[in-house]
Amino acid sequence: MKKMKEWEVAISVLLFACTATAAQEHSGQSGFQLQVLDSSIASPWLKTVGDLDGDGRTDIIVGGAESGGLVAYLNRFPNWERQMIDPNRRFSTDGEVADLDGDGRRALVVLTLRPDTVTWYRRTESGWSPQILTRQTWHDLEVADFDGDGHLDIVGRNQREWPAKEDAGNRLHFLWQKRQGANIVWEESHVDCPAGEGLLAADLDGDGDCDIVINGGWYENLGHRQWKAHAFARPQDWAHPNTFIACADFNHDCRLDTVLAPSELKGGRYRIAWFEAPADPRQEGWKAHIIVPEVETVCHFVGAADFDGDGRADVVYAQMPQGADPDFVKVLFNRGVSGAKGWTDAWEPLIISEDGSHSMRVLDADGDGRPDLLGANWSAQGRDQNVKLWLNRLK
């Protein structure tokens with residue numbers, strides 16, 4: 001690692017206008033306008049969003065697993081101010097924007113690669129200062145105040161297909177923030193879980209604290225760092241261990257449902273499905289609704305948002321380029337209806353791209369109140385690795 005002066009925010013500040021370059025085969029048809037933010041990051045594994053500079057607009061952060069460093073794109077829409085946070089290290093698959101220490105300045109919690117760490121980047125007068133919180137291999141992380149003490153904590157999980165020694169995604173790793181006077185210490189603990197991939201913090205039981213969702217199950221936050229495991233999916237409804245997860249109310253019953261997509265490995269076949277939360281979410285075996293009956297198991301992103309403004313939560317998913325072509329980024333508009341026999345599913349597909357993406361993020365990039373999409377392929381695999389925005393232009 002080089003000296004601290006090389007971490008200065010001003011090391012690479014570039015204000016550039018992103019010219020909207022619509023994908024040739026979908027210009028105007030998809031209702032999404034493509035903008036290429038950057039083509040200089042090699043293997044952009046890490047993508048995250050948040051208001052990094054506190055101006056009320058959502059910024060973008062991308063990290064390269066091979067080269068390109070950790071870069072922030074500060075939102076000056078239609079322009080983006082490019083700031084280099086760390087030009088030297090390599091970055092893994094997840095990160096979050098959060099004010100961990102409560103000083104009023106947003107910071108970054110990211111996963112680094114070789115060495116594998118969870119690292120906290122704090123903004124200082126001289127630039128960005130990294131602090132390694134733990135030397136572990138994680139695939140996913142979430143930030144929330146899990147124990148209700150007013151300080152943000154961190155939870156992470158590795159993955160099954162590329163385990164770190166005995167850790168094949170069969171543990172939830174917690175970093176609990178505690179204050180000792182003016183100092184912050186991080187206390188570690190672990191909770192066993194089924195092996196696999198996928199992690200999301202969400203308040204599934206509506207009691208005001210953050211629970212944890214994994215592949216087919218969830219962990220109820222009992223307070224005092226205690227958790228109770230529940231299975232929302234029956235084995236016959238979901239058995240694939242590697243997932244990407246999102247939550248939304250798909251059927252307008254004011255309950256938070258879950259949607260799962262199969263995220264690994266290429267050549268496999270599975271489904272995309274959502275699970276209908278019952279009145280008591282602790283009840284096991286939620287009703288399964290099949291969205292896509294069969295898809296290759298390379299859907300390393302699924303998200304939920306109301307893309308067309310009709311008041312219903314839609315689904316979006318993306319396929320990684322190592323799968324069979326084409327590699328879809330696709331929105332599924334929710335056209336379901338509620339009747340005497342419950343909710344009847346109907347989904348209307350819209351192809352945004354056939355060039356694939358990975359670990360995408362839903363955001364409002366241009367401040368028009370409509371959800372947009374951020375993405376990039378983790379590896380070229382015959383595709384590009386450009387950092388892309390798809391701006392929602394649906395009418």
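**Cavity, pocket and two antiparallel sheets**

The largest cavity is lined by Asp101, Asp103, Arg105, Arg106, Ala107, Arg122 and Arg123. Its volume is about 30 Å³. A search of the whole structure finds one cavity of 30 Å³ or more. Cavities were sought on a 1 Å grid over the protein atoms alone, as sets of points where a 1.4 Å probe fits but cannot get out; lining residues have an atom within 4 Å of a point. Grid points are joined across faces, edges and corners, and a volume is the space filled by probe spheres set on the points.

The model is predicted: local features need pLDDT of at least 70, side-chain atom pairs count only at pLDDT 80 or more, and totals for chains, interfaces and linings use all residues. Residues are numbered from 1 along each chain as its sequence is written, and side-chain values use heavy atoms, with hydrogens and water left out.

The largest pocket holds about 550 Å³ of space. A pocket is an open set of points with protein on both sides within 12 Å along at least five of seven lines. The lining comprises 27 residues, and Glu96, Leu200, Phe244, Met360 and Arg361 lie nearest the pocket centre. Two or more lining residues come from each of strand 3 (46-50), strand 7, strand 11 (140-144), strand 19, strand 23 (302-305) and strand 29 (358-363). Strand 19 gives the largest share, five residues. Strands are DSSP runs of E, at least two residues long, numbered from the N terminus.

Strand 19 also belongs to an open sheet of four strands, in the order 19-20-21-22, with antiparallel pairing. Strand 19 and strand 22 (287-296) are the edge strands, each pairing on one side only. Neighbouring strands are turned by 15° against each other on average, direction ignored. Axes are lines fitted to C-alpha atoms, and angles run from 0 to 180 degrees between N-to-C directions. Strand 20 (257-262) and strand 21 (269-276) run antiparallel and are joined by three bridges. Here valine 259 stands opposite tryptophan 274. Two strands pair if DSSP finds at least two bridges between them.

A second open sheet has four strands in the order 7-8-9-10, again with antiparallel pairing. Strand 7 (90-98) and strand 10 (127-134) have a single partner strand each, so one side of each is left without a neighbour in the sheet. The average turn between neighbouring strands is 25°, direction ignored. Six bridges pair strand 7 with strand 8 (107-113) in the antiparallel sense. Phenylalanine 91 has threonine 112, in strand 8, as its bridge partner.

Two residues were examined around the start of strand 19 (243-248). Asparagine 242 lies in the loop between strand 18 (226-231) and strand 19. Asparagine 242 counts as buried, at 1% relative accessibility. Buried means under 20% relative accessible area (1.4 Å probe, protein chains only). The side chains of asparagine 242 and glutamate 161 form a polar contact of 2.8 Å. A polar contact is a pair of N or O atoms within 3.5 Å; within protein, one must be able to donate a hydrogen and the other to accept it, and residues adjacent in sequence count only if both atoms are side-chain atoms. Beyond four places in sequence, asparagine 242 contacts (heavy atoms within 4.5 Å) residues including Arg160, Gly196, Pro262 and Glu264.

Threonine 243 lies in strand 19. Threonine 243 is buried, at 2% relative accessibility. The threonine 243 side chain reaches the backbone oxygen of glutamate 197 at 2.8 Å. The C-alpha atoms of threonine 243 and alanine 261 are separated by 5.4 Å, with these positions 18 residues apart along the chain counted as their spacing. Beyond four places in sequence, threonine 243 also touches Gly198, Asn215, Trp238 and Ser263, among others.

Note on methods: Buried means under 20% relative accessible area, exposed over 50%, partly exposed in between (1.4 Å probe, protein chains only).
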